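This briefing is meant to be read slowly, with the sequence and the 3D structure at hand. Please follow each named residue in the viewer as you go.

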Amino acid sequence: MDYKYYKDELSKIPSEAAIKLLTDPLLSSSLLDKRKMAEERFTVEQADVKDCKQEFKQTLSLRKKLLNKIPLESWNLSYFHIFDRQFPIAAQAKVALSTDCWGNKICDTTKLNAEIKCLHICIFPFKEKTAVLVISKMDDNVEETINCLKSISDDEAAKALIALIMNGSRDFYFDQKTPQEIFNNAYLRALAGNEDESLCYISSDHPIEDEVAKEIVQESALQSTPLLLADYQRIPDYVIGK
């Protein structure tokens, strides 16, 4: 649906060649900026559709193996615990790791073609219980992170996983009865980011190239993320149902 929406939006904007024929420089500049933004967004949606198709194809392949009772070696249930209390947070996301809560360097996400290593983290609250589990690819080599998870208490492990998922994803939800002080908590806001998306426009005689801008953003994130994750125990006990 997003792909179709941005494809339709892009079709409503004149082509770059047509825009350059306009005599009004302000209108021409405005339309060129609008078209560039629409093209960039459409490119993102194209990539998402491609990823979804690949994942769906892999799912069908795995399902066929399951139906034929062929053992699956590509995924591993790395961590699992059921808490006898309900968490006010629910989450399910694949989190790409550059570093974890204990300073382990997982992969270099600044490299364009870096091999991304992920944890699929699930937090499923039920009535008076919460299931927390981690699924990882066997070949992703995230044993250091998993070993750290298993070496601490389950409460600490839950906080560490919540820190990872809040910092690396937007796929988490708080119960509507959650008190406002949780949403105002400075550490949680820093983990999640105060804004879902930020757009920056730079006007200069010497504009920053896209690749340089991306590098600046990535370096900034890599410097702050390890420090944030290392403080995972600052997550309020309320978030893990205590």
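In this predicted model, Arg234 is found in the segment after helix H8, a helix that covers residues 210-230. With a relative accessibility of 48%, Arg234 counts as partly exposed, because the label "exposed" is kept for values over 50%. Although Arg234 and Lys159 are 75 residues apart in sequence, their C-alpha atoms are 8.5 Å apart in space.

**Helix H8 and the segment after it**

- Asp231 also lies in the segment after H8, and with a relative accessible area of 35% this residue is partly exposed.
- Along the chain, Asp231 and Trp102 are 129 residues apart, and yet a distance of 9.4 Å separates their C-alpha atoms.
- Leu227, by contrast, lies in helix H8 itself, and its relative accessibility of 61% makes it count as exposed.
- Trp102 appears again here, since the C-alpha atoms of Leu227 and Trp102 are 9.7 Å apart in space, while the two residues are 125 residues apart in sequence.

**The chain as a whole**

- The secondary structure of the chain comes to eight helices and five strands, and, read from the N terminus on, these elements follow the order α-α-α-β-β-β-β-α-α-β-α-α-α.
- The chain has 242 residues, and buried residues make up 31% of them.
- If one takes the contacts between residues at least 6 apart in sequence, 73% of these contacts join residues that are at least 24 apart.

**Helices H1 and H3**

- Two packed helices are described by the angle between their axes and by the distance between those axes.
- For helix H1, which spans residues 2-11, and helix H3, which spans residues 25-67, the axes come within 9 Å and cross at roughly 155°.
- That angle makes H1 roughly antiparallel to H3, because angles over 145 degrees are counted in this way.
- The crossing of H1 and H3 is left-handed.
- On the side of H1, the contact is made by Asp2, Tyr3, Tyr6, Lys7 and Leu10, while H3 contributes Arg35, Ala38, Glu39, Arg41, Phe42, Glu45, Gln46 and Val49.
- Sorted by class, the residues in the contact of H1 with H3 are six nonpolar, one polar and six charged.

**Thr145 in helix H4**

- Is Thr145, a residue of helix H4 (residues 143-151), buried or exposed?
- Thr145 counts as buried, because its relative accessibility is 0%, and the buried class takes in values under 20%.
- The side chain of Thr145 makes a polar contact with the side chain of Asp100, at a distance of 2.7 Å.
- When residues up to four places away in sequence are not counted, Thr145 touches Leu97, Asp100, Trp102, Asn104, Ile106 and Leu119, and Trp102 is thus a residue that this briefing has already named in connection with Leu227 and Asp231.

**Glu128 between two strands**

- Glu128 is found in the loop between strand S3, which covers 118-126, and strand S4, which covers 129-137.
- The phi angle of Glu128 is near 65°, and this is a positive value in a residue other than glycine.
- Glu128 is exposed, because its relative accessible area is 58%, which lies over the 50% mark.

Note on methods
Residues numbered from 1 in each chain as written. Predicted model: local features only at pLDDT ≥ 70, side-chain atom pairs only at ≥ 80, totals over all residues. Heavy atoms only, no water. Axes fitted to C-alpha atoms, helices over the stretch in contact; angles between N-to-C directions. Helix = DSSP H or I, 4+ residues; strand = E, 2+ residues; numbered from the N terminus. Parallel < 35°, antiparallel > 145°, perpendicular 65-115°, else oblique. Left-handed = near helix turned anticlockwise from the far one by under 90°. Contact = heavy atoms within 4.5 Å. Nonpolar A, V, L, I, M, F, W, Y, C, P; charged D, E, K, R; others polar. Buried < 20%, exposed > 50% of the residue type's maximum accessible area, 1.4 Å probe, protein only. Polar contact = N/O pair within 3.5 Å; in protein donor to acceptor, adjacent residues only side chain to side chain.
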